[in-house]
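User: I would like to learn how to read pockets, cores and buried residues in a model. Could we go through them one at a time?

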Amino acid sequence: MLIPHDTRIALDTVVDLMNTAARGDRDDALGDIDALLSFVHAHKISDVGELTAADLRAVLDVRDRFTAVFSAPDARIAATLINQLVAGAGTTPQLTDHDSYDWHVHYFAPGASVADHLAADCGMALAFIVVGGEQERLRRCEAPDCGRAFVDLSRNRSRRYCDSRTCGNRLHVAAYRARRKEAAG
C-alpha cells in the first residue's frame, strides 16, 4: 500500500493521540493543557493558537472518536464515524508547502481549532485507509497488558504487536520459557 508522506504523518499522529489515553496502570498523557501543548509541538501541528481547557476537552473527544473508528466492526461503520468527524471539522482542502515540506494537502480550515485540525487531517488519513479497503490495518496490540493502537503497514498485514522489540519479544520469550518448562516437567 502506497501512503503519501503527509498521510503517513497524520496516521502516526492519530495513533499517538489514541495512545495518550489512560490504559491499565497508565495515566492519561493528555491530562492538562501543558500536555496538549507538548503533543502539538512534538507532532509539529501547524497553525495552532493559544490552547484552552475547551481545546483540551475537544481533543479528548476527537481521541475517543478515533478510538471508535479503530474499533469499528466493518468499513460502513468506520466510514460513518469518519464522515462525522471530518464534516464536524469544517473540512477545507488546500495545497500547501510550508516548513520545508513538499506540496501536500491540509484538510482543516485556516484558523481551525487543534481538535478540528486533528479531526480533519487525521480523519482524512483514516478515510484513505478505508477507501483502499485496508481497514483491517487499524489495529490494537495483541499483547495482553498493552492494547496500544497502531497501523499495520506490513506487506502481508501480519503485524500483531505495537512494537516487536518490546511487546512481541516479551510474549515470544514468555512462550519459549513456558515450552521449556513444560518439556522439562
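User: How much space lies in the second largest pocket?

Analyst: This is a predicted model, and in it about 210 Å³ of space lies in the second largest pocket. A pocket is best read together with its lining, and here 13 residues form that lining, with D12, V15, F150, V151 and R159 lying nearest the centre. At least two lining residues come from each of α1 and β4 (149-151), and α1 provides the largest share, five residues. By class, the lining holds seven nonpolar, one polar and five charged residues.

User: What is the volume of the largest pocket, and which residues are closest to its centre?

Analyst: The largest pocket encloses about 460 Å³. It is lined by 26 residues, and D6, I9, H104, H106 and D121 are the closest to its centre. Two or more lining residues are given by α1 (5-18), β2 (104-106) and α5 (114-131), of which α5 gives the most, with seven. When the lining is sorted by class, there are 13 nonpolar, nine polar and four charged residues.

User: Which residues have the most contacts inside the largest nonpolar core?

Analyst: A core is read as a set of buried nonpolar residues joined through their side chains. The largest one here has 44 residues, and F66 and L126 have the most contacts inside it. Two or more of its residues come from each of α1, α2 (33-42), α3 (53-71), α4 (75-88), α5 and β4, and α5 supplies the largest share, 12 residues. If neighbours within four places in sequence are left aside, L126 is in contact with L11, V14, F66, V69, F70, I82 and L138. There is also a second, separate core of seven residues, among them C146, F150, Y161 and C167.

User: Is D152 buried or exposed, and why?

Analyst: The reading rests on relative accessible area, with under 20% counting as buried. D152 counts as buried because its relative accessibility is 0%.

User: Where is D152 placed, and what does its side chain make a polar contact with?

Analyst: D152 sits in the loop between β4 and α6 (164-184). For a buried charged residue it is useful to look for polar partners, and the side chain of D152 makes a polar contact with the side chain of S154 at 2.6 Å. In addition, a polar atom of the D152 side chain lies 3.1 Å from the backbone nitrogen of R159. Apart from neighbours within four places in sequence, D152 is in contact with R137, R139, R157, S158 and R159.

How values were computed: Residues are numbered from 1 along each chain as its sequence is written. This is a predicted model: local features need pLDDT of at least 70, side-chain atom pairs count only at pLDDT 80 or more; totals for chains, interfaces and linings use all residues. Side-chain values use heavy atoms; hydrogens and water are left out. On a 1 Å grid over the protein atoms alone, a cavity is a set of points where a 1.4 Å probe fits but cannot get out, and a pocket is an open set with protein on both sides within 12 Å along at least five of seven lines; lining residues have an atom within 4 Å of a point. Grid points are joined across faces, edges and corners, and a volume is the space filled by probe spheres set on the points. Helices (H or I, at least four residues) and strands (E, at least two) are DSSP runs, numbered from the N terminus. Ala, Val, Leu, Ile, Met, Phe, Trp, Tyr, Cys and Pro count as nonpolar, Asp, Glu, Lys and Arg as charged, and the others, Gly among them, as polar. A nonpolar core is a set of buried Ala, Val, Leu, Ile, Met, Phe, Trp, Tyr and Cys residues joined through side-chain atoms within 4.5 Å. Buried means under 20% relative accessible area, exposed over 50%, partly exposed in between (1.4 Å probe, protein chains only). Contact means heavy atoms within 4.5 Å. A polar contact is a pair of N or O atoms within 3.5 Å; within protein, one must be able to donate a hydrogen and the other to accept it, and residues adjacent in sequence count only if both atoms are side-chain atoms.
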